[in-house]
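Here's a quick tour of a structure for anyone who'd like to find their way around before heading back to the bench. Have a look at the model first, then read on.

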Amino acid sequence: MESEKKTQTAAEQMTDKDLSEQIKKVTKDSHVRAENTELMLSFQRGQVTLPQFKLLLCSMYEVYKALEEEMDRNSNHPGVAPIYFPAELARLEAIEKDLEYFYGQDWREKIVVPAATKRYCHRLRQIGKENPEFLIAHAYTRYLGDLSGGQVLSRIAQKSMGLQGSEGLSFFAFPGVSSPNRFKQLYRSRMNSVELTEEQRNGVLEEAVRAFELNIQVFDDLQKMLLLSVPENQLQTSRTHSTPVKILQ
Ligand code: HEM
């Protein structure tokens with residue numbers, strides 16, 4: 001086993017009993033798999049296309065709508081309150097802005113999402129009703145991921161799609177967070193302050209693995225949609241708006 005020893009700062013006195021450490025550990029393999037989906041590889045290679053990005057935004061719209069509505073509804077729940085940071089983290093309005101930029105004012109009628117996105121949203125709504133403390137796993141997976149990759153991915157997306165300025169890229173911008181690293185540190189300490197029974201903690205850890213899996217399935221489904229809707233020769237190079245594709249069930 002590789003040594004887990006790390007240099008720790010005063011603000012980073014985490015132990016391996018901490019939820020933030022456990023959740024990172026149990027999702028480590030899933031993170032590698034998420035990074036290696038075709039969609040994420042396109043990002044990393046600087047080859048993300050406009051059709052890919054627009055479809056991703058549509059799915060992120062549905063996912064964040066479900067996540068943030070459930071977080072709002074449960075904002076006083078003891079498992080949610082400590083990690084409830086709508087002013088700093090909420091993504092829904094930013095995504096709406098981006099969708100309007102790419103699809104125009106009637107963007108709401110043009111949203112298309114695959115079945116995997118519907119399953120993801122269904123799960124979020126279900127746990128919002130039945131196990132609100134599991135929302136911590138989903139909020140962690142999306143928001144800490146966004147905060148970790150945001151700036152780099154934004155620049156890559158801008159370059160790959162030939163966008164001028166930062167229009168269409170609000171999803172990646174966190175104007176309420178001045179230092180993503182310090183904020184992540186605060187977020188982890190808030191996660192660690194949530195009181196959970198052994199059973200609840202195991203449930204949260206399992207849910208985090210599930211959250212990654214749901215994301216991977218969304219990315220895979222989006223790639224399938226693209227293969228069906230965009231001629232192969234346009235997949236790498238398209239810089240024009242694509243015709244909205246048909247929904248996959
Ligand atoms: C953290 C890279 C995709 C979720 C990170 C970190 C990097 C990274 C460099 C910081 C690690 C650290 O601070 O120790 C990438 C790359 C991706 C990618 C290159 C693909 C382009 C994703 C996806 C998700 C995700 C798709 C989830 C849906 C997370 C989470 C963290 C994280 C939750 C925080 C880990 C923690 O500190 O506990 N990622 N990531 N990432 N990423 Fe990703």
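A quick definition to start: a residue is called buried if 20 or more other C-beta atoms lie within 10 Å of its own, exposed if 12 or fewer, and partly exposed in between. Keep in mind that this is a predicted model. By that cut-off, the buried residues of helix α8 are L135, I136, A137, H138, A139, Y140, T141, Y143, L144 and A157. Helix α8 comes up again and again below, so it's a handy landmark to keep in view.

**The overall fold**

- The protein chain is built from eleven helices and zero strands, so reading from the N terminus you just get α-α-α-α-α-α-α-α-α-α-α.
- Of the chain's 249 residues, 31% count as buried.
- Take the contacts between residues at least 6 apart in sequence: 84% of them join residues at least 24 apart.

**Helix α8, bend and all**

- α8 covers residues 135-161, which makes 27 residues.
- Its end C-alpha atoms are only 33 Å apart, while a straight helix at 1.5 Å a residue would reach 39 Å.
- There's a bend of about 60 degrees in α8 at G150.
- Right after α8 comes G162, which has a positive phi near 65 degrees.
- What covers the buried residues of α8? The cover includes α1 (19-26), α4 (50-73), α5 (86-89), α7 (115-130), α9 (180-193) and α10 (198-229).

**Around the ligand**

- There are 15 residues around the ligand, and K24, A34, G145, S148 and N215 come nearest.
- The elements giving two or more residues to this shell are α2 (28-35), α3 (38-44), α8 and α10.
- α8 provides the largest share of the shell, with six residues.
- By type, the shell splits into six nonpolar, seven polar and two charged residues.
- G145, one of the residues that come nearest to the ligand, lies in α8.
- Is G145 buried, partly exposed or exposed? It's partly exposed, because it has 17 other C-beta atoms within 10 Å.
- G145 and V209 are 64 residues apart in sequence, with 14 Å between them in space, C-alpha to C-alpha.

**The nonpolar core**

- The largest nonpolar core has 52 residues, and L57, I136, A139 and Y140 are the ones with the most contacts inside it.
- At least two residues of this core come from each of α1, α3, α4, α6 (92-103), α7, α8, α9 and α10.
- α4 gives the most to this core, with twelve residues.
- Leaving out residues up to four places away in sequence, Y140 touches I23, M191 and A208.
- Y140 also appears among the buried residues of α8.

**P180, in α9**

- P180 lies in helix α9.
- P180 counts as partly exposed because it has 17 C-beta neighbours inside 10 Å.
- Not counting residues up to four places away in sequence, P180 touches L147, G150 and F174; G150 is where α8 bends.
- P180 and G149 are 31 residues apart along the chain, and 9.9 Å separates their C-alpha atoms.

**E100, in α6**

- Look for E100 in helix α6.
- Why does E100 count as partly exposed? It has 14 C-beta neighbours inside 10 Å, so it falls into that class.
- Once residues up to four places away in sequence are set aside, E100 touches Q105 and W107.
- E100 and L135 are 35 residues apart in sequence, and their C-alpha atoms are 28 Å apart in space.

Conventions. Residues are numbered from 1 along each chain as its sequence is written. This is a predicted model: local features need pLDDT of at least 70, side-chain atom pairs count only at pLDDT 80 or more; totals for chains, interfaces and linings use all residues. Helices (H or I, at least four residues) and strands (E, at least two) are DSSP runs, numbered from the N terminus. The expected span of a helix is 1.5 Å times one less than its number of residues. The bend at a residue is the angle between axes fitted to the seven residues ending there and the seven starting there. Two residues are in contact if their C-beta atoms, placed from the backbone, lie within 7 Å. A residue is near a molecule or strand if its C-beta atom, placed from the backbone, lies within 6 Å of it. Ala, Val, Leu, Ile, Met, Phe, Trp, Tyr, Cys and Pro count as nonpolar, Asp, Glu, Lys and Arg as charged, and the others, Gly among them, as polar. A nonpolar core is a set of buried Ala, Val, Leu, Ile, Met, Phe, Trp, Tyr and Cys residues joined through C-beta atoms within 7 Å.
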